[in-house]
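Please open the model in your viewer and keep the sequence beside it, so that each residue can be selected as the tour reaches it.

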Amino acid sequence: PRLYLAWPTAPEFTEDQAALDVLSVIIADGRSSRLERKFVYEKQTARDIRAYHHGQEISGEFHIMATANPSVPIEDIYSDIRESLSLISSVPPSDEEMERAHNRIVSYHIKQLEKIGGFGGKADQLNHFNVMAGNPSLIETDVERYKKVTAQDISKAAQMLNDNFVGLTVNPIKDN
């Protein structure tokens, strides 16, 4: 079974958008992220878990997807996700988590700049900054927005992931 959760959030180029992007890294980007460590390695209730924030022109969306291990009720994973979000809402991430997230975001920014064409490459990024922010030269400084995100900003952003969401569970067909 797979669980999909999605919340409406902040549009692109806002303080909340940057904090939500950093939050997604802290909770589900890599083996040391909170949810992956908890679900995949410690409890072994999920095969994988991912999270990302997608800021857009008018609003954004925050997604969490988890694939349950066999015989693990998807409801258990759902309640553990909600509990983890509640925890990060009240207890800000550690300095180590913040440093790791900032380093990953800087790394992703540099990797995008290394690629010239195609989706996600330098030309695509210049177009994105031009259309969304009205200033293609922001490509040079946008990463600074993410470096300024504090642990308190992360807790505030996590509070946006409340009961206003859409959830979908996909269950595999069982053979008879």
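Begin by selecting H63 in this predicted model, and then show the residues around it: leaving aside residues up to four places away in sequence, H63 touches L5, A6, R50, A51 and Y52. If you colour by secondary structure, you will find H63 in strand β3, which covers residues 60–68. Is H63 buried or exposed? Its relative accessible area is 15%, and because buried means under 20%, H63 counts as buried. Now add E61 to the selection and display the side chains, since the side chain of H63 makes a polar contact with the side chain of E61, at 2.8 Å.

Next, move to Q44, which you will find in the loop between α2 (34–42) and β2 (46–55). Look at the backbone here, for the phi of Q44 is near 55°, a positive value in a residue that is not glycine. With a relative accessible area of 52%, Q44 is exposed, because the cut-off for that word is over 50%.

For the last stop, return to strand β3 and follow the chain into the loop between β3 and α3 (74–90), where you can select S71. What is the sign of phi at S71? The phi of S71 is positive, at about 70°, although S71 is not a glycine. A surface display is useful at this point, as S71 has a relative accessibility of 78% and therefore counts as exposed.

Technical notes
Residues numbered from 1 in each chain as written. Predicted model: local features only at pLDDT ≥ 70, side-chain atom pairs only at ≥ 80, totals over all residues. Heavy atoms only, no water. Helix = DSSP H or I, 4+ residues; strand = E, 2+ residues; numbered from the N terminus. Buried < 20%, exposed > 50% of the residue type's maximum accessible area, 1.4 Å probe, protein only. Polar contact = N/O pair within 3.5 Å; in protein donor to acceptor, adjacent residues only side chain to side chain. Contact = heavy atoms within 4.5 Å.
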